[in-house]
Protein chains: 2
Amino acid sequence: MTGETPRTTPSRDADRVHRDRGAADRILAESLIGHVGALDPQGRPVVLPVAVAPDGDQVLFHGSTGSRMFRALASGGPMCLTITHVDGLVLARSAFESSMNYRCLVVLGTAQVLDGAQKERALRTLTDHLTPGRWDSLRPMRAKEVAATTVLALPLVEFSVKIREGGPEDPDDADWPVWAGSLPIRVSAGPAIPEPGSEQRMAPALPRALR
Amino acid sequence: MTGETPRTTPSRDADRVHRDRGAADRILAESLIGHVGALDPQGRPVVLPVAVAPDGDQVLFHGSTGSRMFRALASGGPMCLTITHVDGLVLARSAFESSMNYRCLVVLGTAQVLDGAQKERALRTLTDHLTPGRWDSLRPMRAKEVAATTVLALPLVEFSVKIREGGPEDPDDADWPVWAGSLPIRVSAGPAIPEPGSEQRMAPALPRALR
């Protein structure tokens, strides 16, 4: 049990809450993007999607040095990173009991700016998370490209996981004459679309999220 | 052109920005969830997923009256709702030019609490967005269920849309010997899993997001 603070104690559905790092790690392993919440200069929330990758006890993400949000986060602003996998629709016999199956990781805290060797290693980790083993085959990053990128690490310290799975839970309505059950949702990769000249090369490996 | 304010002028990739309601409406039509950013009592951002549905000039979402976030939003706190469809991985010959294809709608503002007939109509809209035509076949909502639900409407006034599509744009690296192209990503429904006794009934209609 880690990461428990008043902020990471969800106010609803305590039976769906998990606090172990394993649950967080499994969500991160299958992630493509997360949604980052930060504050604008007036202290209002702004939410933007970012590519994410797990890296031990932290979550990595990156963006342009020119991005307003990345400048706010790099200067130590408070943030929230939320990663949600929607696994299905739960269709009960009433609207009230209908729901979704999902796995959601919420991480709160402050990000650290990575530099030097840590930054380059993190860029490799981000690339290889989305396309396993691809980094070594790519044209190496140039110094000016590295300089134009802000790489941030959010510690996996204050976090919570909420998971809902299974069918509807509405035994009192079992006789209501409507189809009930669940509808699984799957995220998958379509056939790769090669650039001209690329057809004869080996297509890239798929990330866990798309396998 | 609507919705343009300093806050909705993205700081990067101006060529990917759209401001027409049509672009926003197309993203909403295919949405299952969005990520809501709100403030905790200390003014720090918190991001949680919610089911969403378009409703004319506003976006609907709902949650428990017991939810801390919904209480903060119902009392007029500033919020951001971000809906992101990840359409593919863009695999350039360098890490720097690699990207994702996506469609992202960001809506800023303050939500309105719906009550009475508006609230019940919004609950129908939310249900029928995820499962077209299902509301009329469900066991009707009870007064106490309606009372336990907060239904919020966020005006589609201050918003921006960012879209990236197509293959990599790295002509200077065209000779680098690695596969390059894009990998489409698709969200789809698996075979429905009926509850016992439901097998003989007609399975529900799929939302646009899963067709």
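This report looks at how chain A and chain B meet in a predicted model.

Let's start with the symmetry. A turn of 180° and a shift of 0.0 Å along the axis lay chain B on chain A with an RMSD of 0.0 Å. The two copies are therefore related as by a two-fold rotation axis. Within chain B, the residue whose C-alpha comes closest to that axis is B:Val187, at 2.3 Å. Both copies use the same surface, as 100% of the contact residues of chain B recur in chain A.

Here is the interface in brief:

| Item (chain B and chain A) | Value |
|---|---|
| Contact residues from chain B | 89 residues |
| Contact residues from chain A | 89 residues |
| Buried area | about 7200 Å² |
| Salt bridges | 4 salt bridges |
| Polar contacts | 27 residue pairs |

Carbon and sulfur atoms account for 64% of the buried area. On the side of chain B, B:Pro45, B:Arg139 and B:Trp179 supply 10% of the area buried against chain A, more than any other three residues. B:Arg139 also forms a salt bridge with A:Asp173, at 2.9 Å from N to O.

Which elements of chain B give two or more residues to the side that touches chain A? Among them are strand S3 (45-55), helix H3 (116-130) and strand S10 (181-189). S10(B) gives the largest share, 9 residues. By class, this side of chain B has 54 nonpolar, 21 polar and 14 charged residues.

Strands also pair between the chains: S10 of chain A (residues 181-189) runs antiparallel to S11(B), joined by 2 bridges. In one of these strands, S11(B), B:Pro194 is the bridge partner of A:Gly181.

Methods
Residues are numbered from 1 along each chain as its sequence is written. Chains are lettered from A and ligands numbered from 1 in the order in which they are written. This is a predicted model: local features need pLDDT of at least 70, side-chain atom pairs count only at pLDDT 80 or more; totals for chains, interfaces and linings use all residues. Side-chain values use heavy atoms; hydrogens and water are left out. Copies are superposed by least squares on the C-alpha atoms of residues with pLDDT of at least 70 in both. Contact means heavy atoms within 4.5 Å. Buried area is the accessible area (1.4 Å probe) that two parts lose on being put together, summed over both. A salt bridge is a side-chain nitrogen of Lys or Arg within 4 Å of a carboxyl oxygen of Asp or Glu. A polar contact is a pair of N or O atoms within 3.5 Å; within protein, one must be able to donate a hydrogen and the other to accept it, and residues adjacent in sequence count only if both atoms are side-chain atoms. Helices (H or I, at least four residues) and strands (E, at least two) are DSSP runs, numbered from the N terminus. Ala, Val, Leu, Ile, Met, Phe, Trp, Tyr, Cys and Pro count as nonpolar, Asp, Glu, Lys and Arg as charged, and the others, Gly among them, as polar. Two strands pair if DSSP finds at least two bridges between them.
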